Amino acid sequence: MATSSTSPKKSSLASSTSSVGRPPQAVKFGRRTSSGRVLSLSRDDDMDLSGDFSGNNDYINYTVLMPPTPDNQPMEASSGGSASADSKPDAPGPYGGVSARVGMTRRVGNDQEGGISGAAMEGMDRRMSVMQSNKSILLRSQTGDFDHNRWLFETKGTYGIGNAFWSKDDDDYGHDGVSMSDFLDKPWKPLTRKLQVPAGILSPYRLLVLIRLIGLLLFIVWRIRNPNRDAMWLWGLSTVCETWFAFSWLLDQLPKLNPINRSTDLAALHDKFEQPSPSNPHGRSDLPGVDVFVSTADPEKEPPLVTANTILSILAVDYPVEKLSCYISDDGAAILTFEAMAEAVNFAEVWVPFCRKHNIEPRNPDSYFSLKSDPTKNKKRPDFVKDRRWIKREYDEFKVRINGLPEAIRRRCETHNNNEEMKEKKLAREKNGGAPLTEPVNVVKATWMADGTHWPGTWYSPIADHFKSDHAGILQVMSKVPSPDPVMGHPDDKVLDFTGVDIRIPMFAYVSREKRPGYDHNKKAGAMNAMVRASAILSNGPFILNLDCDHYVYNSMAVREGMCFMMDRGGDRICYIQFPQRFEGIDPSDRYANHNTVFFDGNMRALDGLQGPVYVGTGCMFRRYALYGFHPPRANEYSGIFGQIKTSAPNIQAQQAEKEDGELEPLSGHPDLDLPKKFGNSSLFTESIAVAEFQGRPLADHLSVKNGRPPGALLVPRPPLDAPTVAEAVAVISCWYEDNTEWGDRIGWIYGSVTEDVVTGYRMHNRGWRSVYCITKRDAFRGTAPINLTDRLHQVLRWATGSVEIFFSRNNVLLASRRLKFLQRVAYLNVGIYPFTSIFLVVYFKWSGIGLEEWWRNEQFWVIGGSSAHLAAVLQGLLKVLAGIEIHFTLTSKSAAEDEEDIFADLYVIKWTSLFIMPLTIMVVNIVALVIGISRTVYSVLPQWNKLVGGSFFSFWVLSHMYPFAKGLMGRRGRMPTIVYVWTGLISITVSLLWISVSPPDG
């Protein structure tokens, strides 16, 4: 610390060197010890400074406190050190409890008292400080030794006196306009780290892929050179299929050769954005805002209680309350969902503070109260047991109210409708002069809200303007914008003691877009785009997290984990953060591969080593600016056969700005690279675009951070909502707003596919954006998945149909721009063609932690899905492309079984579907083949046992893959539906007749 000579102790130290008439010492080197003493490092206290040094000199006497560099580590000062005044010790620093500082005491001219004002010395104190290094990040990870090179890189320092003086005339650090004050407190710390998979684990996998590739090539060459002359058509067909299988396998394996892992530093995020600093004196949060989207469509298939628990988990996340907003899109405009959300907000007023007070995980109340573990573990507050008992009772009452809503709404509607009918009859009798009515009075059976007004959405007895596909737009802010400052609770006998706990809850809004006949509402993608526009008017968070109604926040720090990537160096090039999907309620054996471990822990992690994972529909944090169709601030182009030539992409946005307004000539060679222009006629929305782009930039706290924003730029409180703003938000969710705009084509979620998620992510990657796969130690989100065979196959059918649509559309990766990496292009190509092929997933992924059982379950369901849903998807996709026949899918039911005691009851639900026909045919054919083969061999004059063994092996191999399918058909007690016997008989007769016609018996 720079010290002024006006300090009594240090001025005496300075004056003592010249009080005996000796020439003053020019420089005295010292070091502050952990006790606060200054240890002299000067070799000669009686230096003779005569001649040129004997006159007045501004720098004739000063003390330099050496920083604790690798060659100068702090140690305890000895009692025999040079005479120095005790000064107040600094706060514990990163090096052995001592802050790294440089101090100086100097005499100016003939002024014996120092002659420097306090204000000047305070400024000098700031200018002479040296950045405090964090020892934990400067230690070598393997040996624990001090990393000299990294210390020099982080501090840009040199040893000795070179660190002591910072000239006023040379205020720029490295001549880049950054002053020393930018590096006063702590060294710059990255928020994320990229962890490469060890070569000892990855190299064997790569070697196995190479060996299999060589084996496949040799097999195909052998197959071509050795044709079967007796059955050329069969040989040709098998050769083509095997070649295609090998090609498909290669497409699947190539993107997996470079998997990576990532980690985040939540402590560094807190230090950068939520600690007091010169730009943030009060320590308010400087983090950007986040808007969370939840989508639902049918309360019958998506129970309101499940959706309410998801909303409660979102409102309780560990993120600045004033920076978080939650929106739910009810595409069915159901009053049941509306009133369930109102109940959820009321319960959140006690549930959210309870979670903050006791650090509850998970913050979905249903999941929390269902935990098998000890709830008191790691809980320190003595009132936790009492609080938990009280909140459990409140949640039970909350569930009763939610489950009783349908009946309450029905009785309310009956009461109001009866009153309306009585009023109409009374008016009719008055008009009839009091005479009895001869004709019945027709009264519309309306659906009523709790305030006695008509529900503007879908009615239980639908009429015009109140159908599911014909109703007005609805927007209700159920929880207002919170105050910018914390609101602390207080003791209350009726509720919990929330003293010292912030009781605010984030803003929450219910949204149901307008629907009218004659408009294409574009399913879920249209609903998401409506929420994008409404949220831009109301809160305009630069980042958007979208969740399905049955996917709740399992890790309250998940939003912060994602924000580490967005706010880190280079984060301005990231379009979205994809989290893995984790599921609950899956049967222990995972019969139908619902966990999809191979995909989420293998494929997605490998894509993260390329340009990023694909978007999979839920658990994804978007950059709003990227959703609007704009380009990243920096991008690369890849040319050459394998994309090996990398060049910087031209800045199309800058070129577009130079063009005249009326000129519409495209500046790029690819349609996806043209900039969006038609956002609609809302000026408030258009003005919000630039604001969202600026607020989404990372913090400009280091020379290597490009396109950053200054610290403290997001400390301004959000203004409260007013009536004109809400009216504008209602206008942008109207059904006509997207007319003559680029919504769904270039802006927002992309229309035209049942898998809008994959297409939307592909478009962003095609513009040069990157994505990141964020696997947290504690699962970020958890949801449910269909566990009965029928629903599972319909889910796979929808995914496969979307892939076929992508392959036959302009979103085919073969038409991609040069901004897409070669292996990323291969991965998207595989997404488009996998329904056409049988992909052999042959490798046990050691680097992804996939077990052998998980791999085998994935193999089994690939055969089941490939022989049913994939084949149907190809046929439906071709019908849409060739004949223009639209494809309609129903929502997957979240709960279908009636047995509430068995959580796996859905597993045994059997619902016949045409998708069963092909797998059943394969099973019957193989069983019949086994029976015939064994019979022919046993009763043959010259039995050929080798052929029987070979054929039986392949039949048993197929049947082993079909075992989950057969088990699913038999249900809980092994009782097979009658339709299965009917189809089995028909297929057996058909196969027998075909065999007789192909190979008739002799004689």
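**Exercise 1. Which residues is Asp331 in contact with, leaving aside its neighbours within four places in sequence?**

Before we start, a word on the model: it is predicted, so local features need pLDDT of at least 70, side-chain atom pairs count only at pLDDT 80 or more, and totals for chains, interfaces and linings use all residues. Residues are numbered from 1 along each chain as its sequence is written, and side-chain values use heavy atoms, with hydrogens and water left out.

*Solution.*
- Step 1: Find Asp331 in the loop between strand S7 (324-330) and helix H9. Helices (H or I, at least four residues) and strands (E, at least two) are DSSP runs, numbered from the N terminus.
- Step 2: Apply the contact cut-off, heavy atoms within 4.5 Å. The partners of Asp331 are Thr296, Ala297, Lys468, Arg513, Lys515, Lys523 and Ala527.
- Step 3: Check the cover. Asp331 counts as buried because its relative accessible area is 10%; buried means under 20%, exposed over 50% and partly exposed in between (1.4 Å probe, protein chains only).
- Step 4: Compare with the record. An unreviewed UniProt entry annotates Ser295, Lys301, Glu302, Asp331 and Lys523 as "binding site"; positions follow the numbering used here, feature names are shortened, and annotations may be inferred rather than shown by experiment.

**Exercise 2. Work out whether the span of H13 agrees with its number of residues.**

*Solution.*
- Step 1: Start from Lys523, which lies in H13 (residues 523-538).
- Step 2: Take the expected span as 1.5 Å times one less than the number of residues. For the 16 residues of H13 this gives 22 Å, and the end C-alpha atoms are 23 Å apart, so the two agree.
- Step 3: Look at the cover: 14 of the 16 residues of H13 are buried.
- Step 4: Move just past the helix, where Asn540 takes a positive phi of about 55°.

**Exercise 3. Describe the largest nonpolar core and the part H9 plays in it.**

*Solution.*
- Step 1: Define the set: buried Ala, Val, Leu, Ile, Met, Phe, Trp, Tyr and Cys residues joined through side-chain atoms within 4.5 Å.
- Step 2: Count 80 residues in the largest core; among those with the most contacts inside it are Trp351, Phe354 and Phe398.
- Step 3: Assign the largest share, 14 residues, to H9 (residues 335-358).
- Step 4: Follow Phe354, which touches residues including Ile360, Phe384, Ile391 and Leu496.
- Step 5: Apart from this core, find another of 66 residues, among them Ile537, Leu538, Leu610 and Ala626.
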